[in-house]
Amino acid sequence: MSKSHQPGDEHGDGRAARPDPAPAGTELRPAVPRQTDDASAPHPAAGPEGEGSAVGRLADTVQRLRHQLRRAQAEAEGRALVDLASGILVERLTCSPVEAAAQLDSLAAQAGVSTLELAADLVNQATRDKIADVARDFLAEATQPPTASVGLRLRSAEAGALAAGDAQSVAQSILQHALEPLGAGAVAIWAAHADQSLTLAGSAGFTDEEPARWRHVPPGVPTPARQALGNRTATTYEALADVALPSIGLQEFGGGRIAVPAGTGGRIIGVLEICWAGRLPLQSQSIERQVQVLAELCALALESHPVPDSDLSPRQPADARVSELLDLTDGLLDPCLVLEPLLDVADTPADFLIRHVNPSFVDFAGRPRNAIAGARLLDAYPLAAEAGGLFEKIEHVLATGEPFRAENMRLAAVVDTVALTTQAQVSISRQGTHVLVVWRLDDGAPRVANLLQHAQRLGRIGGFEENLLSGEIAWNDSLFELHGLPLTSEPIPLEQLAAHVHPDDAHSIGRFLRALLHHQRPASAAFRLQRADSVARHIRVVAEPVLDENIRVVAVRGAYQDVSAQHWTEVALAATRDQLAQSQQETAERNRLALRLQQAIMPPNHGPVDLHNLSVAVRYRPAEKDHLVGGDWYDAAALPSGHVLLCVGDVAGHGIEAATGMVALRNALRGLATTGAGPAQLLAWLNTVTHHLTDNVTATAVCGLYDPASRELRWARAGHLPPVLVRDGKAGALPQLGGILLGATGQARYEEGRTQLETGDTLMMYTDGLIERRDRSVQDSLDNLLQVAQGARQLGRGSQLEHQLDHLLRYTNADTDDDTCLIGVTVR
């Protein structure tokens, strides 16, 4: 026998120490449980009487037999694993079982490992279960060659669990083979019940008194197992004594504790609780996966060896249990669904099959029972998947067995893309492998009928049904009111309807009846109803035929609706549309007039003009959209004083008002300039004209007077951008003189500036449509203009002045779609 695995041989990442290689043909058996005393050790029962007494000899015999039984059990577990590996070799090598066993021993000797460890490796290679995955991942994550096989430990634990006769033996096998190498000292397997109580199904490593004290845990006791069951996930404690939670073995194992839910088929049926005497060791991903595998072994044990009085594994056959469940639900007066979980690859419910609905079942969305039975829950009620909704509650009940009750829960369904909701009392419980959902809908039939009555009244709708065989006609109260008839009157049959409509609409009623009665298809018609009280109503009727088994029309049902208000609304809308079209036409005429006025005064392009020693060129770029005709204007004229008037301006707004305001200011400034006053005085007078003699007009402007003799420019500005001077290939803006925009106040003063021009200088005056952008400041736009103007000067080919102006219009990146005026002046 090789050395047994000791807790101290374990690495920090969960890798156990590998035993010394066994000689060829030697079989490595699983270690004997640590609780087992050595057969040679003296037994306390011998007492002072010594080993020679009858009591001492009897105690030794019992101890020896117990030791032999446990050793035989361990050897049987190892033999089961070896037999599995031998079977794999028989299939692969097509040899006899004896040859396979010899081959297994030979391969183990050649590899320098025990026969048992090689057998575990062969089983892991041949299978693709979770144990094999954990073993492969452990080898892939190991930073150095492991000294013990995780696959061997888990396979040995699995073999022991499969060979065990009860959950107690499963606990001992799990502790001995899988948990002691991880440093754990004890293990407990709890069975969970629907009433939230726990029963100790098996344990190992505790004193003899502990299992008896913890045989049953009532509901509500906050043990680690109870916490894991409620959270539905593994719960860890660094030191259980620090959190003051009661649990088995707390005095001896008050250190680390892990509680892992154990379940199958989407149900949590128990909890595996692992105990350490010291603090919880460092948990790696490999150890977490090992613990999950052990929890599945516990679930298998609880399924195979149910705890008495539990609902984990009913004693009767599954078919009989389901049959009894269906019979039970059929006797309930409330609507009930029996759901069967549909599990995914992770063994969790991806959906639930509606296995059965009882005769009392009523779908709150109005669908028949056969449309719900046999469907998937999320297909029938997709909105149940919302957070905190019905699906989440059903999944929790299936997993934990804890019943769910709600006095007022929202239920929702989708029918023809329309979401329908209601409130109901809901009860959910787990019955074996199925889930029972009972809901009690509010008795809202009178309330719904009342709401329908009000809806028909507000919508002026009346329903009817006419039996063509018996001649019986049913009208609701709203329909009598709609026809202007007392409730005691006889309803009007469909065949007599044409006599009660306007003569021009009789043909519409004829087409309606032919489609309904002859072609047997739903139909509708609109007509003018002539009532007995001489009140005219515009009515719409819609109806469908009711066919018998011989496809004959036996009845007609439908509704009348008073659409008079809608009709008169459509008439008013038609008149409004006519008025709007007329207004649009008038607006278009005004825009065309403004555009023609603007083009008549300022043509878009003006060729170079010589004024004394100046060459003057202008450019005007109208807005791209006709309805944005603006008030931009410019002027360049020789005055009687010998000076040259240079100005640009921009009237606020667009349209005919802006165009006429532009004409008024341009002509006023030209007339005022003949007085010989300076530019500051001219703008002051123009401000008075704008404020008093125009109707709510405001504008910006820059005005300059050039003296050809001295080549001096005197200029002023009224809220306008300053002119740009290009000299010797460099462009710069003239100073920002003070001056408020025109028309803002009755009296205003303007600052006047003087600039000495030189031969070759180019002066440019412009409106903001040249540079204005929505995404940048005015200063940034002005800086960009200076760069473009300087670049145009450097080209110097052809007509220099006109080239500069065209270059500015082309490369300035304004984006406001506004009018643009530009004057260029070159000194010769």
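**Exercise 1. Find the strands that helix α17 lies across, and give its angle to β14.**

Step 1. Locate helix α17 at residues 506-518. Helices are DSSP runs of H or I with at least four residues, strands are runs of E with at least two, and both are numbered from the N terminus.

Step 2. Look for contacts, meaning heavy atoms within 4.5 Å. Helix α17 lies across β14, β15 (536-547) and β16.

Step 3. Read the angle. Helix α17 runs at about 145° to β14. Axes are lines fitted to C-alpha atoms, for helices over the stretch in contact, and angles run from 0 to 180 degrees between N-to-C directions.

The model is predicted: local features need pLDDT of at least 70, side-chain atom pairs count only at pLDDT 80 or more, and totals for chains, interfaces and linings use all residues. Residues are numbered from 1 along each chain as its sequence is written, and side-chain values use heavy atoms, without hydrogens and water.

**Exercise 2. Put the strands of the sheet in order and name its edges.**

Step 1. Trace the five strands: β13-β12-β16-β15-β14. The sheet is open, and its pairing is antiparallel. Two strands pair if DSSP finds at least two bridges between them.

Step 2. Find the strands that pair on one side only. These edges are β13 (473-475) and β14 (523-530).

Step 3. Add the twist. From one strand to the next, it averages 20°.

**Exercise 3. Examine the pairing of β12 with β16.**

Step 1. Take β12 at residues 461-467 and β16 at residues 553-562.

Step 2. Count the bridges. Seven join this antiparallel pair.

Step 3. Match one residue across the pair. Ile461 stands opposite Gln561 in β16.
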